[in-house]
Amino acid sequence: MQSSTSGPPSRPAGDPAGTPAGQQPGTPVGRAGTEDRLTAELAAVVVGARRRAVRDGDRQTDTAHLLHALVEAAPAVRDALGAPRAARVLAYLVQRSIGYGLRWHGTVERSGAPPPVPGPAHHGWSPAAAAALDLACARARARGEQRAQPLDLLAGLAADPDCRAVQVLARAGVDRVRLNARIEHPSQQVSPPLRS
């Protein structure tokens, strides 16, 4: 419902972070017209995650694909996790096709993330992955930056306690609340430990 007073327009339902001008609400990162929302490093991560999903034979790119690509490609993410935990996270993720993640094969990721605006723009993304990418972009805008960075996406993944990425992090001994504190305050990357 539009107010008769002048002021900023209300945000579309399902898009709490707002949408850049000229972009459809709910358009996920990595689709045509949204590359300007990512740093080059994060764009490469998104491409790597999509490639991994295709190689694994998965219909959707999920949060575990994004986490895998982040840990492999982004030094800031490995620093936030700490080298030993980053290695443990990768160890769980490489088992996806032969063990640990086998139960996910051919299934749609369910999580606590709000569903994205339906439509072709979210084709290929799990709802949780689309929400994490949207949250990463919202974090960048909140800092006054136009492009999301890898740590923004890591925070977006950790924000959803029910997503596959958080399941992997938990298995590797990473507490998501402490991880978010370390992302918000990089001085905490030495202590306290991420294990609960």
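**Salt bridges and a buried helix**

Arg143 pairs up with Asp152 in a salt bridge, and the closest N and O atoms of the two sit 2.5 Å apart. This comes from a predicted model, so everything below describes a prediction. The two partners differ in how much of them is covered: Asp152 is buried, with a relative accessible area of just 2%, whereas Arg143, at 39%, counts as partly exposed. Why can such a pair form at all? Side chains of opposite charge can pair when their charged atoms come close.

Arg143 has another partner too. A salt bridge also links Arg143 to Glu145, with 3.1 Å between the closest N and O atoms. Glu145 is partly exposed, its relative accessible area being 31%. These pairs belong to a wider set: Arg139, Arg143, Glu145, Asp152 and Glu184 are joined in a network of salt bridges. Across the whole structure, the number of salt bridges comes to six.

One of the salt bridges brings together the side chains of Asp62 and Arg164, at 2.7 Å from N to O. Asp62 sits in the loop between helix 1 (40-56) and helix 2 (63-73), while Arg164 belongs to helix 7 (residues 164-171), so this pair ties together parts of the chain that are 102 residues apart in sequence. Are these two residues buried or exposed? Both Asp62 and Arg164 turn out to be buried.

Asp62 has a second job in the picture, this time at the start of helix 2. A side-chain oxygen of Asp62 lies 2.9 Å from the backbone nitrogen of Ala64, and in this way Asp62 caps the N-terminal end of helix 2. Thr61 is found in the loop between helix 1 and helix 2 as well. With a relative accessibility of 3%, Thr61 counts as buried. What does Thr61 touch, leaving aside its neighbours within four places in sequence? Its contacts are Ala49, Arg50, Ala53, Gly124, Trp125, Ser126 and Ala129.

Helix 2 itself is mostly covered, with nine of its eleven residues buried. The buried ones are Thr63, Ala64, His65, Leu66, Leu67, His68, Ala69, Leu70 and Val71. And what covers them? The cover includes helix 1, helix 3 (75-81), helix 4 (83-94), helix 5 (127-142), helix 6 (150-158) and helix 7.

Now for how helix 1 and helix 2 meet. Their axes come within 8 Å and cross at roughly 130°, which makes helix 1 oblique to helix 2. The crossing of helix 1 past helix 2 is right-handed. On the helix 1 side, the residues involved are Glu41, Leu42, Val45, Gly48, Ala49, Arg52, Ala53 and Asp56, and they meet His65, Leu66, His68, Ala69, Leu70, Glu72 and Ala73 of helix 2. Ala49 and Ala53 therefore turn up twice, since they are also listed among the contacts of Thr61.

Stepping back to the whole protein chain, its secondary structure consists of eight helices and zero strands, running α-α-α-α-α-α-α-α from the N terminus on. Of its 196 residues, 42% count as buried. Finally, among contacts between residues at least 6 apart in sequence, 61% join residues at least 24 apart.

How values were computed
Residues numbered from 1 in each chain as written. Predicted model: local features only at pLDDT ≥ 70, side-chain atom pairs only at ≥ 80, totals over all residues. Heavy atoms only, no water. Salt bridge = Lys/Arg side-chain N within 4 Å of Asp/Glu carboxyl O. Helix = DSSP H or I, 4+ residues; strand = E, 2+ residues; numbered from the N terminus. Buried < 20%, exposed > 50% of the residue type's maximum accessible area, 1.4 Å probe, protein only. Contact = heavy atoms within 4.5 Å. Polar contact = N/O pair within 3.5 Å; in protein donor to acceptor, adjacent residues only side chain to side chain. Axes fitted to C-alpha atoms, helices over the stretch in contact; angles between N-to-C directions. Parallel < 35°, antiparallel > 145°, perpendicular 65-115°, else oblique. Left-handed = near helix turned anticlockwise from the far one by under 90°.
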